[in-house]
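Let's take a walk through this model, stopping at a few strands, helices and aromatic rings. Keep the viewer open as you read.

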Amino acid sequence: MTKTTCRVATDVGGTFTDLVAFETAPDGSLKVTTAKSDTTPPNFENGVLNVLHKGGVDPSTVDFMAHGTTVVINALTERKGVSVGLITTEGFRDTLEIARGNRPDFFNLHYEKPEPFVPRHLRAEVPGRMTYQGDERAPLDASALPEILDDFRKEGVEAIAVCLLHGYANPAHEKAVLAEIQKLWPEVSVVASHQITREWREYERSNTAVLSAYVQPVAARYLGRLDAGLKSRGLPKSPYIMQSNCGVDSLQATSAIPITMVESGPASGFWGAAELGKLIDEPNILALDIGGTTAKCSLIEGGEVKIMTDYWIERSRKSAGYPIMVPVVDLVEIGNGGGSIARVDDFGKLHVGPQSAGALPGPAAYGKGGTEATTTDANLWLGRINRDYFCGGAIEADMSSTETALTNLASKLNVTVDDAARGIVRIANDNMVNALKLVSLNRGHDTRDFTLLAFGGGGSMHAVALAQELQVKKVVVPAAASVFSAWGMMMSDLRRDYFATQLMDLDAGAGARIEAVFAETEAEARATFEAEGVPSDKISFLRYGKFRYQNQEHTTEVPLDGTITDVILDKVAEDFHALYEKEYTYRLNAPVEMVGIHLVARAEVGKLTMAPAETGPADASGAIKATRQVDYALEGIHEATIYDGDALKPGMAFKGPAIIEDSGSTVVVHPKNHVSIDAYSNIHIMLKG
């Protein structure tokens, strides 16, 4: 007898932990369960166990589980990692502190570079040198390692990063140092740069290795506790962990190199947006994820999510930040979410974010002690959120605290409470529009060619206003939008990205040399997957080359199909010219050279297959709950029809002004918008009649 299968994904956010579960019965029918519970720092695993219980999911019945978490990025930004020691090549002890000359606050004569995560007295050197071509210039001398490790022990070091010069070209010296450390001090957590990336750039590689070591014990403990907690409740096998590259990886592999999940939560949402776009024939998408703490956005073109390795944390107008050279979905993140706090500065100017009220105390409306007005409070006051169905009815809206918080803000601005609430919404919208412009207009894309896909707890509340500003053609709000990032994990493959630096001209014989690098890297990836029990016939590869105009600094990535030979090099060069011109608006009459390869290795491990439902009649009157006055900020106050989101069925259609409510999100439909429900229960909002 065929048994019921259950697939589960959980996503730990800054405010809430989300769950989505798909239970497939033997007859093929699909039951979808969603749930949200408070995130529980510092013991994030408790929030995961809580949301499973709240959703009524028995871990013993789960066949596949994926998990995304903010534990790594939180440990970095809150400086809650461990003490790290760095071992590097003789003469390069200060690479980490010299960093780059990319001073953003250029005219600040008192500018100070971000402080390294490893102080100078914990940075040690060993003699030996590789060349950039991978040849040994001077042999490694590891005789000083015992003394170095003794010093590290005395200083309370808990993790060690190893990054030697040109280790990307030949990791032999790094491997030797790694082996010696594991022999002399087997208990210490240690990582070498070649285990994370084989791309060049000494400072970036060094910092990446250091940050990975910094969070490795924290992440390993968290994942270990999560795994133990789930298995104690009957989970048959360890969950897969969402990576920043839009794929999942095994818990064991992620525990060893946890820096790869630095942006795992946002990555799953944007991957889900790309996959949903393919289902509904919308390949060009501006994806927007608004949660309780932040808003994140990414551009998807031709159904493809862009992955980059030029990723920085804490970069701002006043700080250069810190580089992390791992594959991360190309995104922009700002401190604007439902819990973003509104404040008035010394000059009487209103700001929204980046400070957040979080889940505790949360917005004033939560009634948990919050005293400052937030975006959620403003939306509630303006009638955009239903005060009688706040948080899906789970919380009774504290309107008295909301009024007090908004009144205090209004008095500082010398405006009415209503105007203060409208101001919060408008400024929050402006912040989000600017973020969306960074991934679209600022990169040469015409937003009128894109669909805005909005998700997260607050995405659908602001989406139409943002779309009108950007003149996108329509807005799509996915089914179960509030837990869409968790849904995206269900659409992800097991994925690992491999990079190798290989500088060469596109001359005679280059095709064979490039092909050899790909073949070697593919063999390495295949061996790694097969060692973990993934059958060879389940593994597939995508190839990309990193090219630049000769002697330029940065590269453009070009997709490569099939075997690389000299015959196709002219086409590869022309593809590079076209992509370069699209991004920078010009091309050069200059030689093209290759800098390295990017190989994507994938294997399907539990990807969900979605089937469309039959569409019914357009009449949506059966889903109407009530009407109420809603303040649309720029468009005035209107009598809006309130729809029960759970009662809307495929094929239904109606016009705004309207509000669609379900337990996890609120969709604000502006006047003159046309709404329809597609075969997958997604909400399509056309902006013009």
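**Rings, strands and a buried leucine**

Tyr580 counts as buried, because its relative accessibility is 5%; buried means under 20% relative accessible area, exposed over 50% and partly exposed in between, with a 1.4 Å probe and protein chains only. Before going on, a word on the ground rules: this is a predicted model, where local features need pLDDT of at least 70, side-chain atom pairs count only at pLDDT 80 or more, and totals for chains, interfaces and linings use all residues. Residues are numbered from 1 along each chain as its sequence is written, and side-chain values use heavy atoms, with hydrogens and water left out.

Now, back to the tyrosine. Tyr580 shares helix α15 (residues 569-584) with Tyr584, four residues along, about one turn of the helix. Helices here are DSSP runs of H or I with at least four residues, strands are runs of E with at least two, and both are numbered from the N terminus. Tyr584 is partly exposed, because its relative accessible area is 35%. Both tyrosines belong to one aromatic cluster with Tyr549, Phe576 and Tyr586.

How many aromatic pairs does a search of the whole structure find? There are 15, where rings of Phe, Tyr and Trp (its six-membered ring) pair if their centres lie within 6.5 Å, and planes under 30 degrees apart count as stacked, over 60 as edge-to-face and the rest as tilted. Phe484 and Trp487 are stacked, because their ring centres are 5.1 Å apart and their planes meet at 20°. Tyr580 and Tyr584, by contrast, make a tilted pair, at 4.6 Å centre to centre and 45° between the planes. Phe484 and Trp487 sit three residues apart in helix α13 (residues 484-490), and both are buried.

Next, look at strand β28 (residues 592-603), where 11 of the 12 residues are buried. Strand β25 (residues 494-505) pairs with β28 in the antiparallel sense over 10 bridges; strands pair if DSSP finds at least two bridges between them. Ala500 has Ile597 in β28 as its bridge partner. Strand β26 (residues 539-549) also runs antiparallel to β28, joined by 11 bridges, and Tyr544 stands opposite His598.

Last stop: Leu406, in helix α10 (residues 399-413). Leu406 is buried because its relative accessible area is 0%. Beyond its neighbours within four places in sequence, its contacts (heavy atoms within 4.5 Å) include Ala373, Asp377, Trp381 and Ile424. Asp377 is 29 residues away along the chain, yet the C-alpha atoms of Leu406 and Asp377 are separated by 7.9 Å.
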